[in-house]
Amino acid sequence: MINLVINGLPVAVEEGSTILEAAKYLGFPIPTLCHLEGLSNYGACRLCVVEIGEGPKARLVSSCTYQVEEGLKVRTASARVVKARKMVLELLLASCPQSKVIQDLASAHDVRQQRFRQEHEDCILCGLCIRMCEEQMMAKAIGFRNRGENRSIGTPFDMKSEECRLCGGCMYVCPACQLRCTYMEPEKAICGGCANLSPPCLEKSSFEDMMCYMDPCVACEIRKD
Amino acid sequence: MVIPAGTCGQASGANDLIAAAEKEILLCGLDKNIRVRVTGCHGFCEMEPSVLIEPDNTFYPQVKPDDIPRLIKAVLDGKILEDLLLVSEEGKKYYHQNDLPFYQTQVRSILAAHEKIDPLSIANYIENDGYSAIAEVLENGAPEAILAEVKNSNLRGRGGAGFPTGKKWEMLANQSNGSGKYLICNADEGDPGAYMDRSVLEGNPHSIIEGMLLGAYATGATAGVIYVRKEYPLAIKHLELALTQAAEYGLLGDDILGKGFSFNLSLAKGAGAFVCGEETALIRSIEGKMGEPRQRPPFPITKGLYRKPTAINNVETWANIPIIIRQGAKKFTGVGTRNNSGTKIFSLVGKIKNTGLVEVPMGITLKEIIYGIGGGPSAKAKIKAVQTGGPSGGCIPTARFDLAIDYDSLVDAGSIMGSGGMIVMDEHTCMVDVAKYFMAFLKDESCGKCFTCRKGTQRMYELLEDISQGKGTLKHLELLKELAEVVKDTTMCGLGQTASNPVLSTLRYFRDEYLAHIEKQQCPAGVCKALITYSINENCTGCGMCVSVCSEEAISGLRKQRYKIDSDKCIKCGTCKGVCKFEAIEVS
């Protein structure tokens with residue numbers, strides 16, 4: 001077991017656990033977007049940053065990827081962490097304003113302004129869908145392409161992948177995508193189109209008929225470019 | 001007759017010189033009297049294509065192929081062609097290479113070998129004491145002694161972070177040797193304006209191989225990889241040949257020199273992503289995966305290439321190893337300062353008279369490099385700042401040129417050592433534009449994994465662009481600083497953590513320039529196009545030069561009279577200013 005201190009509280013967790021897991025064990029909330037139990041840790045969204053170390057050596061690390069170390073001192077909500085987290089949310093809000101998840105997170109963290117030029121993107125490149133496809137669905141149908149501002153997610157050469165079984169796992173785990181089918185929880189849907197259709201999407205019997213696979217969506221007519 | 005023909009030399013015409021010299025020697029039947037040695041870059045790139053005549057090291061700068069026949073005749077007669085020598089501004093002629101101010105304060109423990117060695121010939125390297133260190137070490141058979149020597153030398157990694165090499169090796173040596181350990185040579189040099197590593201790979205590839213052999217023997221590593229970027233074709237060619245030759249000579253592979261020590265070395269070519277210089281991204285790239293950093297710890301020293309213990313060192317670090325072993329740690333620590341021993345190669349470029357590679361002892365001041373070795377500004381304008389450490393570095397203003405250069409002092413000044421790029425900027429360089437340039441580079445070269453690095457660099461670029469177009473407000477400045485600090489704090493790898501440096505250091509030292517853009521809508525350096533206008537003053541003689549080059553037909557007037565620029569048509573390309581001999585074109 002590894003002993004560490006989180007927000008002043010000592011805790012012992014198994015070797016190889018992450019700070020996020022240890023904090024969860026103690027009940028300290030850390031917001032995440034690119035983390036999902038059952039998938040490997042990636043560290044893309046930077047929302048889960050926490051402060052470790054002391055004095056001039058104190059620094060921020062992503063708690064979902066940083067493994068616990070003996071004697072580690074962690075602060076999950078120090079001023080530095082809160083400032084960074086708010087900026088991350090402001091950046092997210094500036095890029096993906098339509099995402100309900102991001103809107104809610106921003107609101108919960110008291111982000112009251114968005115000072116950047118407004119963009120309308122629908123993907124935050126958190127990579128959850130890629131890990132879902134590879135690790136749970138054993139398909140590896142999609143992946144990251146390019147780097148920097150040209151980075152995107154898709155199938156090789158944007159062609160229909162023979163590995164893809166249209167399982168919908170990628171959509172299911174997406175934390176930000178506005179095209180996500182939210183038939184399970186219509187109150188979380190942004191456009192609500194699925195619920196308002198007649199007959200509503202959520203009552204359709206066959207999985208194939210789910211309109212979220214349709215492009216553009218017949219209900220909200222959001223077109224994927 | 002030595003002709004440097006690294007990539008820089010070839011670009012300035014060294015190949016024509018070589019062809020001319022070889023042809024002349026053959027035609028005159030002098031192949032018994034004069035030998036041409038084609039080498040890597042010697043450092044003084046500004047004066048290339050140059051010729052060095054041994055044994056007294058007569059230096060001829062910027063030689064033309066037409067001069068070769070009489071040069072060869074002069075060499076035969078033991079004479080010196082006075083008219084081809086380098087002449088100082090005061091009219092002083094420099095005869096020997098060592099007389100040049102460019103070379104005088106340098107301590108060239110690595111670069112000096114480039115003059116003596118034909119990189120295509122292993123025999124040439126061996127003649128110059130090459131592979132003597134590994135041969136002696138294998139004879140005596142004491143790996144601990146090498147480790148101790150490297151530790152005592154206080155050598156710090158030349159890739160930028162300055163981690164003590166001896167300590168790194170000791171950690172690797174202490175790892176269990178269950179299923180092999182790796183050594184990697186990081187030759188993914190990607191900073192704009194920096195080319196130290198390329199020059200060493202091109203000029204002396206065997207020194208890297210010998211360094212890695214010594215490292216392998218000291219740490220128990222079984223295999224090594226040199227990761228070099230595909231943009232360095234000449235370096236790859238020389239390395240590939242060197243690897244083949246070393247294997248033929250029994251210096252690589254199994255049972256090296258018959259002493260039972262084995263080490264395999266291979267070459268991996270990178271596709272040129274800047275982020276692959278980061279060690280975990282580099283490892284993933286060698287493994288055939290996407291070049292993307294991962295969380296450290298675990299550090300590569302415990303889980304590296306193919307999850308085996310791995311030590312990664314920069315080209316220049318490896319090049320230092322045979323020198324340390326040959327001359328001993330004591331002599332090595334005699335150069336430089338206490339915590340920063342040895343020499344460091346910088347690539348001195350920008351608005352400076354003598355551009356090139358300079359190798360100086362650690363602890364030398366910026367002033368000595370820029371005004372002494374570099375010879376001061378190349379134009380009339382005064383030097384304003386120097387940018388060190390590439391895109392991850394920062395700008396240091398002239399007021400701080402007394403700074404003694406080492407890893408720690410540069411960090412204090414808001415920059416980093418980096419791999420050794422040094423870009424000199426004068427009053428015609430706009431600092432907002434510089435920050436914008438580096439941010440444009442970084443937003444393309446960020447791997448894109450960390451949201452704050454990917455989006456943060458894009459947003460910083462956006463804010464800088466607004467400021468450079470005169471659309472900035474004080475709120476832009478506040479937001480820029482806030483964002484830069486968060487990007488520095490919240491990213492995973494070295495690229496992201498230092499990506500804000502160009503912005504933060506220019507904000508720290510050149511805030512007045514930012515304010516001029518915002519409050520007065522002026523670009524003091526006359527660079528930001530949206531904020532400048534071109535006009536013609538009374539110096540104009542009406543020669544018409546500017547009219548003939550203007551692609552937009554924005555200049556009009558009568559011959560022999562003062563011309564006028566139509567600001568509606570002018571696209572501010574600056575071509576007219578470049579051709580005007582009377583300084584009649586003004587930027588305001």
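Two strands are taken to pair if DSSP finds at least two bridges between them, and both helices (H or I, at least four residues) and strands (E, at least two) are DSSP runs numbered from the N terminus. The structure is a predicted model, in which local features need pLDDT of at least 70 and side-chain atom pairs count only at pLDDT 80 or more, while totals for chains, interfaces and linings use all residues. Residues are numbered from 1 along each chain as its sequence is written, chains are lettered from A in the order in which they are written, and side-chain values use heavy atoms, with hydrogens and water left out.

A convenient starting point is chain A. Here strand 1 (residues 2–6) and strand 2 (residues 9–13) of chain A run antiparallel and are joined by 5 bridges. Within this pair, Pro10(A) of strand 2 stands opposite Val5(A). The two strands of chain A form a hairpin with 2 residues between them, and Asn7(A) in the turn has a positive phi of about 50 degrees.

Chain B offers a sheet to compare. Its 5 strands are arranged in the order 13-12-16-14-15, forming an open sheet with mixed pairing. Strand 13 (356–361) and strand 15 (394–397) of chain B each have a single partner strand and stand at the edges, so one side of each is left without a neighbour in the sheet. From one strand to the next, the twist averages 30 degrees. Strand 14 (residues 383–388) and strand 16 (residues 421–426) of chain B pair in the antiparallel sense over 5 bridges, and Gln387(B) has Ile423(B) in strand 16 as its bridge partner.

Next come the helices. Two packed helices are described by the angle between their axes and the distance between the axes. Axes are lines fitted to C-alpha atoms, for helices over the stretch in contact, and angles run from 0 to 180 degrees between N-to-C directions. Angles under 35 degrees count as roughly parallel, over 145 as roughly antiparallel, 65 to 115 as roughly perpendicular and the rest as oblique. Contact means heavy atoms within 4.5 Å. Ala, Val, Leu, Ile, Met, Phe, Trp, Tyr, Cys and Pro count as nonpolar, Asp, Glu, Lys and Arg as charged, and the others, Gly among them, as polar.

Between the chains, the axes of helix 2 (residues 79–95) of chain A and helix 20 (residues 474–490) of chain B come within 10 Å and cross at roughly 110 degrees. Helix 2 of chain A is therefore roughly perpendicular to helix 20 of chain B. Residues meeting in this contact include Met87(A) and Leu91(A) from helix 2 of chain A, and Leu483(B) and Val486(B) from helix 20 of chain B. By class, the contact has 6 nonpolar, 1 polar and 6 charged residues.

Helix 20 of chain B also packs within its own chain: its axis and that of helix 23 (residues 511–519) of chain B come within 9 Å and cross at roughly 140 degrees. These two helices of chain B are therefore oblique to each other. Leu474(B), Leu477(B) and Leu480(B) in helix 20 meet residues of helix 23 including Tyr514(B), Leu515(B) and Ile518(B). This contact has 6 nonpolar, no polar and 2 charged residues.

Helix 23 of chain B has a further partner in helix 22 (residues 501–509) of chain B, where the axes come within 5 Å and cross at roughly 90 degrees. That makes helix 22 of chain B roughly perpendicular to helix 23 of chain B.
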